[in-house]
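Biologist: Glad you could join me. Shall we go through this one together?

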Amino acid sequence: MFLQELSHTNHIGLLTAKQAARYLSISTKWLANQRWQGTGPKFIRVGGAVRYRVSDLEQFLEEAVVQPAGESRE
């Protein structure tokens, strides 16, 4: 269902904070806190608007993967 909503991104493929939060299954408040702390996924600020690239969200998720002890990551 959400993937269908991604087609509603703007013409250059940027997501709003609300869309990015839904993509990551987290709250918009968490995203805002991460921006304030300088952590979390990369974002773009155009004027006063905050936008996220899907590729940056995917990279953030990939970097958040935790390997269980005893397993090697290939």
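**A loop residue, a helix pair and a salt bridge**

Modeller: Let's begin with a loop: Ser25 lies between α2 and α3 (28-37). Keep in mind that this is a predicted model.

Biologist: Happy to start there. Near what value is the phi of Ser25?

Modeller: As general background, most residues other than glycine have a negative phi. Ser25 is a residue other than glycine, yet its phi is positive. The value is near 60 degrees.

Biologist: And is Ser25 buried or exposed?

Modeller: Exposed means over 50% relative accessible area. Ser25 has 68% relative accessibility, so this loop residue counts as exposed.

Biologist: Thanks! Stepping back, what pattern does the chain follow along the sequence?

Modeller: The chain has 4 helices and 3 strands. Read in order along the sequence, they give α-β-α-α-β-β-α.

Biologist: Let's look at a helix pair. At roughly what angle do the axes of α2 and α4 cross?

Modeller: In general, two packed helices are described by the angle between their axes and the distance between the axes. Here α2 covers residues 17-24 and α4 covers residues 54-63, and their axes come within 11 Å. The crossing is right-handed. The angle is roughly 35 degrees.

Biologist: Which residues of α4 are met by Ala20, Tyr23 and Leu24 in α2?

Modeller: By class, this contact of α2 with α4 has 6 nonpolar, no polar and 1 charged residues. Glu counts as charged, and Glu58 sits on the α4 side of the contact. The α4 residues are Val54, Leu57, Glu58 and Leu61.

Biologist: Now the charged pairs. Which residue forms a salt bridge with Arg53?

Modeller: The structure holds 1 salt bridge. Its closest N and O atoms are 2.8 Å apart, and the cut-off for a salt bridge is 4 Å. The partner of Arg53 is Asp56.

Biologist: Does the burial differ there: is Asp56 buried or exposed?

Modeller: Arg53, at 39% relative accessibility, counts as partly exposed. For Asp56 the value is 7%, and the cut-off for burial is under 20%. Asp56 therefore counts as buried.

Biologist: One last thing, for the chain as a whole: what share of its 74 residues is buried?

Modeller: The accessible surface of the chain comes to about 5,500 Å², with 53% of that belonging to carbon and sulfur atoms. Among the 74 residues, the buried share is 23%.

Conventions:
Residues are numbered from 1 along each chain as its sequence is written. This is a predicted model: local features need pLDDT of at least 70, side-chain atom pairs count only at pLDDT 80 or more; totals for chains, interfaces and linings use all residues. Side-chain values use heavy atoms; hydrogens and water are left out. A salt bridge is a side-chain nitrogen of Lys or Arg within 4 Å of a carboxyl oxygen of Asp or Glu. Buried means under 20% relative accessible area, exposed over 50%, partly exposed in between (1.4 Å probe, protein chains only). Axes are lines fitted to C-alpha atoms, for helices over the stretch in contact, and angles run from 0 to 180 degrees between N-to-C directions. Helices (H or I, at least four residues) and strands (E, at least two) are DSSP runs, numbered from the N terminus. A crossing is left-handed if the near helix is turned anticlockwise from the far one by less than a right angle, and right-handed if clockwise. Contact means heavy atoms within 4.5 Å. Accessible areas come from the Shrake-Rupley method with a 1.4 Å probe; for residues, only the protein chains shown count as cover.
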